[in-house]
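Let us take a walk through a protein together, one step at a time. Keep the sequence and the picture side by side as you read.

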Amino acid sequence: MKSMGTSHESPAPLPPALESSTAYLLSRAVRHAARLAQQEFGGESLRFTHFVTARWIEHVGPCSQIGLAGAMGADASDLVTVLRALDEAGMIRRTPDLADKRRNLLHLTAQGHTWLKQRHEQAMAYESTLCAHLGDGGDALRQQLRQLVRA
(Lines give C-alpha, C1' and ligand atoms only; values in the text may rest on other atoms or scores of the structure.)
Protein backbone atom coordinates (compact mmCIF):
# COMPACT_ATOMS: atom_id res chain seq x y z
CA MET A 1 0.00 0.00 0.00
CA LYS A 2 1.30 3.46 -0.87
CA SER A 3 2.07 5.97 1.85
CA MET A 4 -0.60 8.65 2.12
CA GLY A 5 2.04 11.29 2.85
CA THR A 6 1.54 14.51 4.74
CA SER A 7 -0.70 17.44 3.97
CA HIS A 8 2.18 19.59 2.67
CA GLU A 9 3.09 17.11 -0.07
CA SER A 10 1.64 17.25 -3.55
CA PRO A 11 -1.55 15.22 -3.82
CA ALA A 12 -1.31 11.81 -5.46
CA PRO A 13 -2.63 11.40 -9.00
CA LEU A 14 -6.36 10.79 -9.06
CA PRO A 15 -7.62 7.26 -9.49
CA PRO A 16 -8.96 6.96 -13.07
CA ALA A 17 -12.49 6.22 -11.85
CA LEU A 18 -12.50 9.49 -9.88
CA GLU A 19 -10.66 11.52 -12.49
CA SER A 20 -13.73 11.21 -14.70
CA SER A 21 -16.27 11.75 -11.89
CA THR A 22 -17.91 15.17 -12.07
CA ALA A 23 -19.40 14.71 -8.60
CA TYR A 24 -16.03 13.87 -7.05
CA LEU A 25 -14.19 16.68 -8.83
CA LEU A 26 -16.86 19.19 -7.86
CA SER A 27 -16.82 18.09 -4.21
CA ARG A 28 -13.03 18.30 -4.13
CA ALA A 29 -13.15 21.77 -5.71
CA VAL A 30 -15.66 22.84 -3.04
CA ARG A 31 -13.30 21.67 -0.29
CA HIS A 32 -10.46 23.61 -1.95
CA ALA A 33 -12.63 26.73 -2.18
CA ALA A 34 -13.59 26.36 1.50
CA ARG A 35 -9.92 26.14 2.53
CA LEU A 36 -9.14 29.30 0.55
CA ALA A 37 -12.14 31.08 2.08
CA GLN A 38 -10.90 30.10 5.55
CA GLN A 39 -7.47 31.57 4.73
CA GLU A 40 -8.97 34.82 3.43
CA PHE A 41 -11.84 35.33 5.90
CA GLY A 42 -10.91 33.00 8.78
CA GLY A 43 -9.45 35.62 11.10
CA GLU A 44 -12.69 37.56 11.25
CA SER A 45 -15.84 36.94 13.22
CA LEU A 46 -17.91 37.33 10.04
CA ARG A 47 -16.72 35.03 7.29
CA PHE A 48 -17.46 34.32 3.65
CA THR A 49 -20.82 32.70 4.38
CA HIS A 50 -21.88 35.89 6.20
CA PHE A 51 -20.66 37.97 3.25
CA VAL A 52 -22.67 35.83 0.81
CA THR A 53 -25.82 36.01 2.95
CA ALA A 54 -25.54 39.79 3.31
CA ARG A 55 -25.08 40.10 -0.47
CA TRP A 56 -28.30 38.13 -0.96
CA ILE A 57 -30.18 40.38 1.47
CA GLU A 58 -28.82 43.39 -0.40
CA HIS A 59 -29.93 41.83 -3.70
CA VAL A 60 -33.47 40.78 -2.77
CA GLY A 61 -34.19 43.71 -0.48
CA PRO A 62 -36.22 43.41 2.70
CA CYS A 63 -37.30 39.77 2.92
CA SER A 64 -38.37 37.08 5.34
CA GLN A 65 -35.96 34.37 6.37
CA ILE A 66 -37.99 31.87 4.34
CA GLY A 67 -37.96 34.19 1.32
CA LEU A 68 -34.21 34.63 1.65
CA ALA A 69 -33.67 30.88 1.91
CA GLY A 70 -35.78 30.34 -1.19
CA ALA A 71 -33.83 32.93 -3.16
CA MET A 72 -30.52 31.41 -2.04
CA GLY A 73 -31.62 27.83 -2.66
CA ALA A 74 -30.92 27.06 1.01
CA ASP A 75 -32.89 25.62 3.92
CA ALA A 76 -34.24 28.37 6.20
CA SER A 77 -32.99 26.53 9.29
CA ASP A 78 -29.44 26.58 7.87
CA LEU A 79 -29.52 30.39 7.95
CA VAL A 80 -30.38 30.76 11.63
CA THR A 81 -26.82 31.01 12.99
CA VAL A 82 -25.58 33.11 10.06
CA LEU A 83 -28.44 35.59 10.43
CA ARG A 84 -27.98 35.72 14.21
CA ALA A 85 -24.30 36.61 13.76
CA LEU A 86 -25.13 39.29 11.17
CA ASP A 87 -27.80 40.70 13.48
CA GLU A 88 -25.50 40.73 16.52
CA ALA A 89 -22.78 42.45 14.48
CA GLY A 90 -25.25 45.17 13.42
CA MET A 91 -25.15 44.23 9.73
CA ILE A 92 -28.86 43.45 9.48
CA ARG A 93 -31.98 44.34 11.40
CA ARG A 94 -35.32 42.62 11.69
CA THR A 95 -38.58 44.54 11.50
CA PRO A 96 -42.15 43.27 11.68
CA ASP A 97 -43.70 42.56 8.30
CA LEU A 98 -46.66 44.94 8.04
CA ALA A 99 -48.45 42.47 5.76
CA ASP A 100 -48.01 39.57 8.21
CA LYS A 101 -47.26 40.50 11.82
CA ARG A 102 -46.18 36.90 12.56
CA ARG A 103 -42.97 37.25 10.59
CA ASN A 104 -40.04 39.63 10.42
CA LEU A 105 -38.32 41.17 7.45
CA LEU A 106 -34.54 41.22 7.15
CA HIS A 107 -32.94 44.53 6.16
CA LEU A 108 -29.31 45.37 5.53
CA THR A 109 -28.27 48.25 7.81
CA ALA A 110 -26.07 51.20 6.81
CA GLN A 111 -23.27 49.44 8.69
CA GLY A 112 -24.00 46.30 6.66
CA HIS A 113 -23.76 48.20 3.38
CA THR A 114 -20.45 49.72 4.48
CA TRP A 115 -19.13 46.32 5.56
CA LEU A 116 -20.05 44.81 2.17
CA LYS A 117 -18.20 47.60 0.36
CA GLN A 118 -15.14 47.09 2.56
CA ARG A 119 -15.17 43.33 2.05
CA HIS A 120 -15.62 43.55 -1.72
CA GLU A 121 -11.86 43.85 -2.32
CA GLN A 122 -11.23 40.93 0.00
CA ALA A 123 -13.81 38.84 -1.85
CA MET A 124 -12.23 39.77 -5.18
CA ALA A 125 -8.81 38.66 -3.89
CA TYR A 126 -10.35 35.35 -2.81
CA GLU A 127 -11.93 34.96 -6.26
CA SER A 128 -8.62 35.73 -7.95
CA THR A 129 -6.76 33.16 -5.85
CA LEU A 130 -9.46 30.56 -6.42
CA CYS A 131 -9.30 30.97 -10.22
CA ALA A 132 -5.56 31.66 -10.53
CA HIS A 133 -4.84 28.34 -12.30
CA LEU A 134 -7.59 28.78 -14.88
CA GLY A 135 -6.47 30.32 -18.15
CA ASP A 136 -9.56 32.47 -18.56
CA GLY A 137 -9.70 33.68 -14.96
CA GLY A 138 -12.60 31.32 -14.26
CA ASP A 139 -15.06 32.63 -16.86
CA ALA A 140 -15.83 29.22 -18.42
CA LEU A 141 -16.11 27.56 -15.02
CA ARG A 142 -18.51 30.24 -13.75
CA GLN A 143 -20.65 29.84 -16.87
CA GLN A 144 -20.85 26.09 -16.40
CA LEU A 145 -21.55 26.41 -12.67
CA ARG A 146 -24.38 28.85 -13.39
CA GLN A 147 -25.90 26.21 -15.66
CA LEU A 148 -25.65 23.62 -12.88
CA VAL A 149 -27.15 26.00 -10.33
CA ARG A 150 -30.09 26.83 -12.62
CA ALA A 151 -30.80 23.16 -13.41
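Two strands count as paired if DSSP finds at least two bridges between them. With that in mind, look at the strands of this model, which is a predicted one. Strand β1, residues 92-97, is joined to β2 by 6 bridges, and the two run antiparallel. You can follow the pairing from one residue to its partner: Asp 97 stands opposite Asp 100 in β2, while Ile 92 stands opposite Leu 108 in β2. To get from β1 to β2, the chain passes through a hairpin of 2 residues.

Ile 92 also leads us into the interior. Which residues touch the most other members of the largest nonpolar core? This core has 23 residues, and the ones with the most such touches are Ile 57, Leu 68, Leu 83, Leu 86, Ile 92 and Trp 115. Several elements give two or more residues to the core, namely α2 (22-41), α3 (48-60), α4 (65-72), α5 (80-88), β2 (100-108) and α6 (110-130). In soluble globular proteins, nonpolar side chains tend to be buried together.

Let us visit two of these core residues. Leaving out residues up to four places away in sequence, Leu 68 touches Thr 53, Trp 56, Ile 57, Val 60, Cys 63, Leu 79, Leu 83 and Leu 106. Next comes Trp 115, which you will find in helix α6. Is Trp 115 buried or exposed? Its relative accessible area is 7%, and buried means under 20%, so Trp 115 is buried. Again leaving out residues up to four places away in sequence, Trp 115 touches Leu 46, His 50, Phe 51, Ala 54 and Met 91. For a sense of scale, Trp 115 and Ala 125 are 10 residues apart in sequence and 16 Å apart in space, from C-alpha to C-alpha.

Stay on α6 a moment longer, since Gln 122 lies in this helix as well. Gln 122 counts as buried, because its relative accessibility is 14% and the limit for buried is under 20%. Its side chain makes a polar contact of 2.7 Å with the side chain of Glu 44. Apart from neighbours within four places in sequence, Gln 122 is in contact with Glu 40, Phe 41 and Glu 44.

Phe 41 brings us to helix α2, our last stop. This helix has 20 residues and reaches 28 Å from its first C-alpha to its last, close to the 28 Å expected at 1.5 Å a residue. Which residues of α2 are buried? They are Ala 33, Leu 36, Ala 37 and Phe 41. Looking down the axis of α2, you would see its buried residues fall within an arc of 110°, so they line one face of the helix. Among the elements covering these buried residues are α3 and α6.

His 32 belongs to α2 too. At 33% relative accessibility, His 32 counts as partly exposed. Although His 32 and Leu 130 are 98 residues apart in sequence, their C-alpha atoms are 8.3 Å apart in space.

Conventions. Residues are numbered from 1 along each chain as its sequence is written. This is a predicted model: local features need pLDDT of at least 70, side-chain atom pairs count only at pLDDT 80 or more; totals for chains, interfaces and linings use all residues. Side-chain values use heavy atoms; hydrogens and water are left out. A nonpolar core is a set of buried Ala, Val, Leu, Ile, Met, Phe, Trp, Tyr and Cys residues joined through side-chain atoms within 4.5 Å. Buried means under 20% relative accessible area, exposed over 50%, partly exposed in between (1.4 Å probe, protein chains only). Helices (H or I, at least four residues) and strands (E, at least two) are DSSP runs, numbered from the N terminus. Contact means heavy atoms within 4.5 Å. A polar contact is a pair of N or O atoms within 3.5 Å; within protein, one must be able to donate a hydrogen and the other to accept it, and residues adjacent in sequence count only if both atoms are side-chain atoms. The expected span of a helix is 1.5 Å times one less than its number of residues. The arc is that of the directions from the helix axis to the C-beta atoms.
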